[in-house]
Amino acid sequence: MADQLILIIEDNERNLKLVRDVLQFSGFRTAEARTAEDGLALASASPPDLVLLDLQLPGIDGMEAFRQLRGSPPTAAIPVVAVTALAMKDDRERVLRAGFDGYLEKPISVRALPDQVRAFLTAAELPDDR
Ligand SMILES: [Mg+2]
């Protein structure tokens, strides 16, 4: 379990490093991409156990990247968690309605993140109705 691979798709260098360091310290393997395009390629080449997907990205945004992940057989079943700094209070609803497996709000909590990721992974292992 501790060697599960988490793909972080995030264009903000500070956030990317923070999430990567926290997850690696907690025993996860990580892969990283700074654009959706790179993230989609990585996810297809070596499917991770979970994707943390920033919604605000240059080029293809997170929502579109999510649609492409779900629409492609090699990546369709990978759990995807939206990471967003959007402040609108219906964002969470919008993201979950789109079919994301979860939602993390920035700023990321260094203390909470490892348990949050474990919870998303555990939930993804349960039989679901997707
Ligand atoms: Mg961003």
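This briefing describes the fold, the core and some local features of one protein chain. The model is predicted. The chain holds 5 helices and 5 strands, and from the N terminus on these elements run β-α-β-α-β-α-β-α-β-α. Of its 130 residues, 28% count as buried.

**Overall shape**

- A compact globule of 130 residues would have a radius of gyration near 14 Å, and the value of 13 Å for the protein chain agrees with this.
- Taken along the principal axes, the box filled by the C-alpha atoms is roughly 30 × 30 × 25 Å.
- Among contacts with a separation of 6 or more, 61% are between residues 24 or more positions apart.

**The nonpolar core**

- In soluble globular proteins, nonpolar side chains tend to be buried together.
- The largest nonpolar core here has 29 residues, and those with the most contacts inside it are I6, I9, V51, L52, L53 and V81.
- At least two residues of this core come from each of the strands β1 (5-9), β3 (50-54) and β4 (80-84).
- The helices α1 (13-25), α2 (36-45), α3 (62-71) and α5 (113-125) likewise each supply at least two.
- Leaving aside residues up to four places away in sequence, V51 touches L7, I9, A43, L69, I78, V80 and V81.

**Strands β1 and β2**

- β1 is mostly covered, with 4 of its 5 residues buried.
- β1 and β2 run parallel and are joined by 5 bridges.
- One residue of β1, L5, has R29 as its bridge partner in β2.

**Helix α1 and the residue G27**

- α1 has 13 residues and reaches 18 Å from its first C-alpha to its last, which is close to the 18 Å expected at 1.5 Å a residue.
- After α1 comes G27, which has a positive phi, near 100 degrees.

**Helix α2**

- The buried residues of α2 are A36, G39, L40 and A43.
- Seen down the axis of α2, these buried residues fall within an arc of 100 degrees, so they line one face of the helix.
- Against these buried residues pack β1, β2 (29-33), β3 and α3.
- The exposed residues A41 and A45 are carried on the face of α2 turned away from its buried side.
- A43 of α2 is also among the residues that V51 touches.

**The loop between β3 and α3**

- Q56 is found in the loop between β3 and α3.
- Q56 counts as partly exposed because it has 15 C-beta neighbours inside 10 Å, whereas 20 or more would make a residue buried and 12 or fewer would make it exposed.
- Not counting residues up to four places away in sequence, Q56 touches D61, G62, T84 and A85.
- T35 is 21 residues from Q56 along the chain, and the C-alpha atoms of the two are separated by 9.8 Å.

**The loop between β5 and α5**

- P107 lies in the loop between β5 (102-105) and α5.
- The peptide bond from K106 to P107 is cis, with omega near 0 degrees.
- Most peptide bonds are trans.

Key
Residues numbered from 1 in each chain as written. Predicted model: local features only at pLDDT ≥ 70, side-chain atom pairs only at ≥ 80, totals over all residues. Core = buried A, V, L, I, M, F, W, Y, C linked by C-beta atoms within 7 Å. Contact = placed C-beta atoms within 7 Å. Rg over C-alpha atoms; globule rule 2.2 N^0.38 Å. Arc of directions from axis to C-beta. Expected span 1.5 Å × (residues − 1). Pairing = 2+ DSSP bridges.
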